[in-house]
Amino acid sequence: SISGNNNMNIAFNGKFKKTHHKMYHLFASYKADLVLELVKVSPKAALFAPLSMSIYMKNGSNDISVASLTLDGMAKITGISSSNTHMKAYAKLIQDTLAKALPNGHFEKSTSQNIKVTGALVTSFTYEMDATDEEEIVEEKEGTQMELEGSLETVGFVIAGFNELGEEFKEVGYETYDFFDAYSICKLPVIFQVSKQYPEAGALAPCTLYMYKVKGSADVHMAYPSVNNWISSLAIEEKASVDILLHAEKTMVDTVNETIE
């Protein structure tokens, strides 16, 4: 499924009156059946539902580049082994699709040398839900999400997409969760600043914030990939990019905590 294909140069021109590259798109997709099998291994697999890519053409070049996380990159963030059959299938599907879409293209490994970071690669939250029956659970969840969406938009985040994974799971008979939702979230000034020097950053943007509740449990779990992934995987050392990433992370954490307290 294609979750989004956003021409960021239109957004950049509209807000900042300038662009960095001849073409810059953020593209997001996911494969529902593979995501389900991976979620059975770890809910963190939903961090790639959808999976992000950047598609760009640098100024002065006619080459189209596509940046996506590797198998090892996905494994590092989710904690699911890179030898997992479904994880390997997900990565292979991406490579095969790109090869088919761009038959004259070739694969390149990133030349960035990973930077070691001390913080967590995934930022997680947990809160206890008061509701107990099905109708109350839906009502409380929707109320929390409405408040969260409003609060995130107030501090400058954009809700770029929303996937009701739990409903898709139920359609194929997997009913472990009362709900399992995934947001695609982006902050325009962040990707504008970072993509100038690191256009590959679209492999991590928009980021996915998921929230789920297992049947029979009162706990709601939420998580998203932290900016440590950007800094580490893209070897970001430029101060302006590091500062805006860390500030966005703090704003995100504060906003979510205020919503669920």
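On the side of helix α1 turned away from its buried residues, Ile10 and Gly14 are exposed. This is a predicted model, and the helix makes a handy way into it. Met8, Asn9 and Phe12 are the buried residues of α1, which runs over residues 8–16. Looking down the axis of α1, these buried residues fall within an arc of 100 degrees, so they line one face of the helix. The general geometry of helices helps here: an α-helix has 3.6 residues a turn, so residues three or four places apart point the same way. As for what the buried residues of α1 pack against, the partners are β1 (2–7), β2 (23–29) and α7 (188–197).

Just past this helix comes a small oddity. Lys17 sits in the loop between α1 and β2, and its phi is positive, about 65 degrees, although Lys17 is not a glycine. Is Lys17 buried or exposed? With a relative accessible area of 67%, Lys17 is exposed.

Stepping back, the protein chain has nine helices and nine strands. A compact globule of 261 residues would have a radius of gyration near 18 Å, and the protein chain, at 18 Å, agrees with that. Taken along the principal axes, the box filled by the C-alpha atoms is roughly 60 × 40 × 35 Å. Some 47% of the 261 residues count as buried. The accessible surface of the protein chain comes to about 13,200 Å², and carbon and sulfur atoms account for 50% of that surface. On the charge side, there are 22 positive and 34 negative side chains, and the centres of these two sets lie 13 Å apart.

How much of the contact pattern reaches across the sequence? Taking contacts between residues at least 6 apart in sequence, 70% join residues at least 24 apart. Ala28 gives a concrete case. This residue belongs to strand β2, and its C-alpha atom is separated by 8.1 Å from that of Pro206, even though the two are 178 residues apart along the chain. Ala28 is buried, with a relative accessible area of 8%. Leaving out residues up to four places away in sequence, Ala28 touches Ser1, Ile2, Ser3 and Gly4, and also Pro50, Leu51 and Ser52.

Two of the names just mentioned, Pro50 and Pro206, turn up again at cis peptide bonds. Ala49 and Pro50 are joined by a cis peptide bond with omega about 20 degrees, and Pro50 lies in the loop between α2 and β3 (51–57). The bond from Ala205 to Pro206 is cis too, with omega near -5 degrees. Pro206 lies in the loop between α7 and β8 (207–214).

Pro206 also shows up among the neighbours of Cys186, a residue of strand β7. Setting aside residues within four places in sequence, Cys186 is in contact with Leu26, Gly156, Phe157, Val158, Ile191 and Pro206. Cys186 is buried, at a relative accessible area of 10%. Its C-alpha atom is separated by 14 Å from that of Lys15, which is 171 residues away along the chain.

Helix α2 (residues 32–41) has its own set of buried residues: Leu34, Val35, Leu36, Leu38 and Val39. What covers the buried residues of α2? The cover includes α4 (85–101), α6 (165–171) and β7 (177–186). Strand β7 thus links two parts of the picture, as it helps cover α2 and also holds Cys186.

Towards the end of the chain, Ala235 is found in the loop between α8 (228–233) and α9 (239–260). Like Lys17, Ala235 has a positive phi without being a glycine, here about 50 degrees. Lys17 is exposed, whereas Ala235 counts as buried at 16% relative accessibility, because the cut-off for buried is under 20%. Helix α9 itself holds Thr255. That residue also counts as buried, with 6% relative accessibility. Apart from its neighbours within four places in sequence, Thr255 is in contact with Ser151, Leu152 and Val155.

Note on methods
Residues are numbered from 1 along each chain as its sequence is written. This is a predicted model: local features need pLDDT of at least 70, side-chain atom pairs count only at pLDDT 80 or more; totals for chains, interfaces and linings use all residues. Side-chain values use heavy atoms; hydrogens and water are left out. Helices (H or I, at least four residues) and strands (E, at least two) are DSSP runs, numbered from the N terminus. The radius of gyration is taken over C-alpha atoms; the globule rule is 2.2 Å times the number of residues to the power 0.38. Buried means under 20% relative accessible area, exposed over 50%, partly exposed in between (1.4 Å probe, protein chains only). Contact means heavy atoms within 4.5 Å. Accessible areas come from the Shrake-Rupley method with a 1.4 Å probe; for residues, only the protein chains shown count as cover. Lys and Arg count as positive and Asp and Glu as negative; His and the chain ends are not counted. The place of a charge is taken as NZ of Lys, CZ of Arg, CG of Asp or CD of Glu. The arc is that of the directions from the helix axis to the C-beta atoms.
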